[in-house]
Amino acid sequence: MTYENLLFEVRDHIGFITLNRPKSLNALNSALLRELGHLLDEIKTNDDIRAVILTGSGEKAFAAGADISEMQPMTAIQGRKFSADGMDSITKLETLPQPTIAAVNGFALGGGCEVALACDLRIASTNAKFGQPEVNLGVTPGFGATQRLPRLVGAGIAKELLLTGDTIGADRAYEIGLVNHVVEPAQLMDKAIEIAAKMASKGQLSVRMTKQGVNEGMNMDVERGLQYETELFALSFSTEDQKEGMQAFLEKRPANFQGK
Ligand code: CO8
């Protein structure tokens, strides 16, 4: 499939997705969100891709939110469909088996911040700006911020961002745990690639099961979550990677993981 609103390439087992509507600061319209869903379906079944980096086209924005010009005339029914379809694509990002990193290169507002929230890690350039400005527009978030933001940074800080619509810079985002690292703009992709490559070098089944353990566990009480971890741990002993990883340790050599 060809994509009109996304760029995509694979290098060294890393998939690079670029949100590509720079004239509107990569605003998320329904076409882009649909394409993102299709692309993620393809990536999900491609074992050659071991990690994914998502960024925005141009120097100014990761994504400045859902497309306001598309949303402005919507009825409630249309708005519901826009939210549900977008939510579907963004949830595919969250549940992608491979780890995902948002390389936030500028504005990540509204839906843009929500896309970043659905990634496993967020790395910000020093010029990144985050916010949930929906209350400035008379709407609520519709792509997951009321749920994912408080789970990441705690309800109090999340409510401040959600209820004021304030925009924060990269340093404050780091302080509240919204981003994992802050780097100079020129280092952003290098830092994202460094982390993605590290993940791509590990036993892929264990990386995927570990991500699944965190994601599923966040929706369970702690007792069930711990039981779930035990089951995943047991499952990892059914893989060749477990035998190889432990044998390599005992032989004092690097493991040669096959993802089996
Ligand atoms: N939608 C559509 N177009 C946009 C958007 C957007 N979210 N953001 C920027 N653009 C366009 C501008 O209209 C402008 O277009 P043009 O050149 O044709 O006039 C172009 O991008 C460049 O933008 P600016 O000239 O405004 O650039 P500035 O540097 O002056 O300002 C800002 C940058 C501060 C990022 C500013 O563009 C801005 O405030 N953008 C809107 C930010 C925002 O409110 N985002 C939240 C949108 S709502 C949302 O995401 C809800 C998600 C859930 C939806 C659920 C479905 C119901």
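Two strands are said to pair when DSSP finds at least two bridges between them. By that rule β7 and strand β10 (residues 181–183) pair in the parallel sense, over 3 bridges. The legends below describe close-up views of a predicted model.

**View 1. Strand β7 and its partners β5 and β10.**
Strand β5 (residues 100–104) pairs with β7 in the parallel sense, over 4 bridges. Within this pairing, Ile 101 stands opposite Leu 121 of β7, and Ala 102 stands opposite Arg 122. Toward β10, the residue of β7 to look for is Ile 123, which stands opposite His 181. Strand β7 spans residues 121–125, and 5 of its 5 residues are buried. Leu 121, Ile 123 and Ser 125 point one way from the strand, while Arg 122 and Ala 124 point the other way. Arg 122 is thus shown as a buried residue along with Ala 124.

**View 2. The open sheet of 6 strands.**
The strand order is β1-β2-β3-β5-β7-β10, and the pairing is mixed. The edge positions are taken by β1 (6–11) and β10; each has a single partner strand, so one side of each lacks a neighbour in the sheet. On average, neighbouring strands here are turned by 20 degrees against each other, direction ignored. Strands of a sheet pair through backbone hydrogen bonds, in either a parallel or an antiparallel sense.

**View 3. The open sheet of 4 strands.**
Here the order is β4-β6-β8-β9, again with mixed pairing. Strands β4 (61–63) and β9 (167–169) stand at the edges with a single partner strand each, so each has one side without a neighbour in the sheet. The average turn between neighbouring strands of this sheet is 20 degrees, direction ignored. Strands β8 and β9 run antiparallel and are joined by 3 bridges. Phe 130 has Ile 168 in β9 as its bridge partner.

**View 4. The nonpolar cores.**
The largest nonpolar core has 46 residues. The members that touch the most others are Ile 17, Phe 62, Phe 130 and Leu 178. Phe 130 is also the residue bridged to Ile 168 in the preceding view. Helix α1 (residues 30–44) gives the most to this core, with 6 residues. A second, separate core holds 14 residues, among them Ile 53, Ile 101, Val 183 and Ile 195. Of these, Ile 101 is the residue that stands opposite Leu 121 in β7.

**View 5. Ser 89 in helix α3.**
Ser 89 lies in helix α3. Its relative accessible area is 5%; buried means under 20%, so Ser 89 counts as buried. Leaving out residues up to four places away in sequence, Ser 89 touches Leu 33, Arg 34, Gly 37 and Leu 40.

**View 6. Aromatic pairs.**
The count comes to 2 aromatic pairs. In one of them, Phe 82 and Phe 143 lie 5.6 Å apart, centre to centre, with 50 degrees between the planes, and the pair is tilted. This pair links distant parts of the chain: Phe 82 belongs to helix α3 (residues 76–94), and Phe 143 to the loop between β8 (129–131) and α5 (145–153), 61 residues apart. Both Phe 82 and Phe 143 are buried. The ring centres of Phe 233 and Phe 237 are 5.0 Å apart and the planes are at 65 degrees; planes over 60 degrees apart count as edge-to-face, so this pair is classed that way. Phe 233 has a relative accessible area of 53%, and exposed means over 50%, so Phe 233 is exposed. Phe 237, at 34% relative accessibility, falls between the cut-offs of 20% and 50% and therefore counts as partly exposed.

**View 7. Arg 11 over the ring of Phe 16.**
The charged end of Arg 11 sits over the Phe 16 ring, at 4.2 Å from the ring centre.

**View 8. Helix α11 and its neighbours.**
Helix α11 covers residues 240–250, and its buried residues are shown: Asp 241, Gln 242, Glu 244 and Ala 248. The buried residues of α11 pack against α9 (204–217) and α10 (222–236). Lys 252, just after α11, has a positive phi of about 55 degrees.

Technical notes. Residues numbered from 1 in each chain as written. Predicted model: local features only at pLDDT ≥ 70, side-chain atom pairs only at ≥ 80, totals over all residues. Heavy atoms only, no water. Buried < 20%, exposed > 50% of the residue type's maximum accessible area, 1.4 Å probe, protein only. Helix = DSSP H or I, 4+ residues; strand = E, 2+ residues; numbered from the N terminus. Phe/Tyr/Trp six-rings, centres within 6.5 Å; stacked < 30°, edge-to-face > 60°. Lys NZ or Arg CZ within 6 Å of the ring centre and 35° of its normal. Axes fitted to C-alpha atoms, helices over the stretch in contact; angles between N-to-C directions. Contact = heavy atoms within 4.5 Å. Core = buried A, V, L, I, M, F, W, Y, C linked by side-chain atoms within 4.5 Å.
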